Amino acid sequence: MTSSWPETPVGADPLPGQLDRWLASRGAELVAVRRHIHAHPELSHQEFETAALVARELKLAGLSPKMLPKGNGVICDIGVGDHVIALRADLDALPLPDTKDVPYRSTVENVTHACGHDVHTTVLLGTGLALAKLAERNELPGRVRLLFQPAEENMPSGAPEVIAAGGLRDVAAIYALHCAPLLPVGLVGVRSGPFTAAADKIEVRITGRGGHTARPHLTSDLVHALGRVIVDVPSLLDRRVDARAGVSMVWGAVHSGDAANTIPGEGVVRGTVRVLNRDAWREVPNLLTELVHSVVAGTGAEVEVKYTRGVPPVVNDRLATAIVAGAAGAALGPERVVEAEISMGGEDFSFYLEQVPGTMIRLGCGIPGSDQKFDIHQSAFDVDERSIGYGVRVMVHTALAALSAGAF
């Protein structure tokens, strides 16, 4: 496992307090923590053992972690002072089988860490242990708050629970990273502005008179009405919203009828709506409801629209992004910091950014030379474990830079 811990990158700035040497000595231990978490994954809202493991490690370092009210998340402050910088990781796994042939393969049937949250947790734990060493020597210029959050993968998600438990109290800015398997290990991606999309759900249910397909004029012809909703509504939405807002509407399920010669009396179609722009996201529910009703109006059918809010878009703060970009350059070398792509996926880190400025970055974890190109949310997902060491260096540098920045 020691081979999974990277050397300090050439051109990187050393960490204070000889932390580079200390981190190297703890590398195998942190990799072992990641492998244990990967082998024992827990679904959203059930992260009790993972949270307990994190709390034990923090207590052994002399810190005073506090469990969330449900016991499936951890908040821990390091250092003293009114100036607080928060760092966040998510704990939960996905309801997928683990198809990898590795020693740390999931021991829980149909549950695996296919999104890298085991890495996020381990990176933040290592960051906390390193910062605790600085705090012991009174070399931490402020207070850092670690947020180990449950339920990022599910709705209702865990970020609002952390906020309700005081996770953002006195916080000036918040930072997080996310595994990026399509980015080579040793690189990090940063981006100011829109980073991930809002992710909502829409369900359109249509009812009306059914009947024989030989006499559609005596029915509401619900399948035809559903077809109009499926084709016309996304097309009309594209023309009612500024294209720069980054709106994507895609249907994922449609159900109506069974017999080829019978027009059904009910049908339903479900899909997702993803939006990069905050203002457009606020307008879309009413606009979509209006469009659906107008499309169905001429069919004679009755329609019900159920629009379910998911997570807001992640919009990275400009100054916070500049700070993390500089910190990542110091941690890994400037040539290892690249521009991150925008993702239309959802991320509940957005709830924090509605309260305080902050930014999320992408942590390269792609495995060099691998024939298989992994993506998140795949059963065979795995990472190059050197990403843990790189992640710890980046987050330690970020915390110190943010604490030293005048605006934060």
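A residue counts as exposed when its relative accessible area is over 50%, as buried when the value is under 20%, and as partly exposed in between. Keep these cut-offs in mind while selecting residues in this predicted model.

**Stop 1: a helix with a salt bridge.** Select E136. Its relative accessible area is 52%, so E136 is exposed. Now add K133, which at 26% is partly exposed. Both residues belong to helix α3 (residues 117-136), where they sit 3 residues apart, about one turn of the helix. Their side chains form a salt bridge, with 4.0 Å between the closest N and O atoms.

**Stop 2: salt bridges at R88.** Select R88 and D90. Are these two residues buried or exposed? Both are buried. A salt bridge joins their side chains, at 3.6 Å from N to O. Next, add E347, whose side chain forms a salt bridge with R88 at 2.9 Å, N to O. This pair connects distant parts of the chain: R88 is in strand β3 (residues 84-90), while E347 is in the loop between β15 (337-339) and α8 (350-353), 259 residues apart. E347 is buried, like R88.

**Stop 3: a network.** Select R34, R35, D118, D382 and E385 together; salt bridges link them in a network. The count of salt bridges in the model comes to 25.

**Stop 4: S387.** Move to S387, which is part of helix α9. With a relative accessibility of 0%, S387 falls under the 20% cut-off and is therefore buried. Show the backbone of D384: the side chain of S387 reaches its oxygen at 2.7 Å. Which residues does S387 contact, leaving aside neighbours within four places in sequence? They are V119, V123, V185, L363, G364 and C365.

**Stop 5: the nonpolar cores.** Nonpolar side chains tend to be buried together in soluble globular proteins. Select L58, L87, L131, L146, F148 and Y175, the residues with the most contacts inside the largest nonpolar core, which has 69 residues. Helix α9 (residues 386-404) supplies the largest share of this core, 10 residues. Another core, of 31 residues, lies apart from it; V204, A225, V229 and V241 are among its members.

**Stop 6: residues 202-292.** Finish by selecting this range, which an unreviewed UniProt entry lists as "domain: Peptidase M20 dimerisation". Over these residues the chain is 37% helix and 32% strand. Mark the C-alpha atoms at the two ends of the range: they are 11 Å apart.

Notes. Residues are numbered from 1 along each chain as its sequence is written. This is a predicted model: local features need pLDDT of at least 70, side-chain atom pairs count only at pLDDT 80 or more; totals for chains, interfaces and linings use all residues. Side-chain values use heavy atoms; hydrogens and water are left out. A nonpolar core is a set of buried Ala, Val, Leu, Ile, Met, Phe, Trp, Tyr and Cys residues joined through side-chain atoms within 4.5 Å. Buried means under 20% relative accessible area, exposed over 50%, partly exposed in between (1.4 Å probe, protein chains only). Helices (H or I, at least four residues) and strands (E, at least two) are DSSP runs, numbered from the N terminus. UniProt positions are given in the numbering used here, feature names are shortened, and annotations may be inferred rather than shown by experiment. A polar contact is a pair of N or O atoms within 3.5 Å; within protein, one must be able to donate a hydrogen and the other to accept it, and residues adjacent in sequence count only if both atoms are side-chain atoms. Contact means heavy atoms within 4.5 Å.
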